[in-house]
Amino acid sequence: MSFAGTDLNQLRVLDALLSERSVSRAARRLGVTQAAASNALRRLRETVGDPLLVRAGRRMVLTPRAEALAAPAAEVMRAAARVLAPEAAFDPARASTTFRVATSDHVDVVLLSRVEATLAREAPGVNVHVLPFGPRADDDLRDGRVDLVIAPGREGPADVSSEHLFDDRLVWVMRAGHAAAAAPGSPEALAAWRHLLVSPRGHSGGPVDAALARRGLARRVARTMPHFGTALLLIARSDLVAVLPLRLVRSVAPALGLIWRPLPFALPSVAMAMTWHQRDARDARQTYLRDVTRRTAASLEPCEGD
């Protein structure tokens, strides 16, 4: 059915007339004059092809056609009210929903484990499913496969918004008792050991290799691994060394018997950011997720010093 040329506001008038069964009462309900309500009834009769309201003595009664239209007209108005109503507030304490966050296990340990503690207090019915961060993160946001991405800050596309969360810095990590702990803190000493590199796609290279190359040095990457957690376990059980984020190392070092040293050259901090699609910018559910993440990141201890 085409609504071209049809004034859909007539449905509001129709509902009032059929509910009130009186032109004058319908006019008061609609906030218009009785003459305006009478004109609206005339137009409705032409549109529907039925008198709708007819006089029976001193009162007005509905025709059979009007009786059949009364319930559907009322339901249309209720549906319109639901469609146009303001979005309901998100109540974390009563919510039952699942968020999908794409990130690394670095962020999972450093940040999301603390987000979980906040949700346990504020939103016990909310679940968080963590997915691996990958090269198609922006497409995952666009398609609704994930709600939030937390990864190193970058220049994103125009339809994706970003907000800085926290900084981390890289340190030289080894097991306690490793000979590297007593070696000179120099680029040559760093390059001398067999390295483990965390690389989700198995690629070598990065800021550490670039800094060594500027000094005419190169390290041996003896092992690559896709996840920080398994990398830390292997470092604790071998003579491999690695350059890893301080916040992550600091959170697990006592349990794994790891120690760390500052790098023998300066590198920029690793800036972590959360990104989301603009479609979700005003969504109450998504706004709460970003607020919890933001608050939790702000509560992290400083990342200065060893």
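The following exercises concern two sheets and one buried acidic residue in a predicted model.

**Exercise 1.** Determine which strands stand at the edges of the five-stranded sheet, and which residue of strand 12 is the bridge partner of Asp167.

*Solution.* Begin with the strand order, which is 4-3-5-12-6 in an open sheet with mixed pairing. Strand 4 (126-132) and strand 6 (160-168) each have a single partner strand, so one side of each is left without a neighbour in the sheet. From one strand to the next, the twist averages 25°. Next, consider the pairing of strand 6 with strand 12 (residues 270-277): the two run antiparallel and are joined by eight bridges. Within this pairing, Asp167 has Ala271 as its bridge partner.

**Exercise 2.** Establish whether Asp168 is buried or exposed, and what its side chain reaches.

*Solution.* Asp168 belongs to strand 6. The residue is buried and has no salt bridge. Arg247 is the nearest side chain of opposite charge, at 4.5 Å, whereas a salt bridge requires the charged atoms to lie within 4 Å. The side chain of Asp168 does reach the backbone nitrogen of Leu246, at 3.2 Å. Beyond its neighbours within four places in sequence, the contacts of Asp168 include His106, Pro245, Ser269 and Cys303.

**Exercise 3.** Describe the three-stranded sheet and identify the residue that stands opposite Val173.

*Solution.* This open sheet has the order 10-7-11 with antiparallel pairing. Strand 10 (242-245) and strand 11 (258-262) are the edge strands, each pairing on one side only. The twist averages 45° from one strand to the next. Four bridges link strand 7 (residues 170-175) to strand 10, and Val173 stands opposite Ala242 of strand 10.

Note on methods. Residues are numbered from 1 along each chain as its sequence is written. This is a predicted model: local features need pLDDT of at least 70, side-chain atom pairs count only at pLDDT 80 or more; totals for chains, interfaces and linings use all residues. Side-chain values use heavy atoms; hydrogens and water are left out. Two strands pair if DSSP finds at least two bridges between them. Axes are lines fitted to C-alpha atoms, for helices over the stretch in contact, and angles run from 0 to 180 degrees between N-to-C directions. Buried means under 20% relative accessible area, exposed over 50%, partly exposed in between (1.4 Å probe, protein chains only). Lys and Arg count as positive and Asp and Glu as negative; His and the chain ends are not counted. A polar contact is a pair of N or O atoms within 3.5 Å; within protein, one must be able to donate a hydrogen and the other to accept it, and residues adjacent in sequence count only if both atoms are side-chain atoms. Contact means heavy atoms within 4.5 Å.
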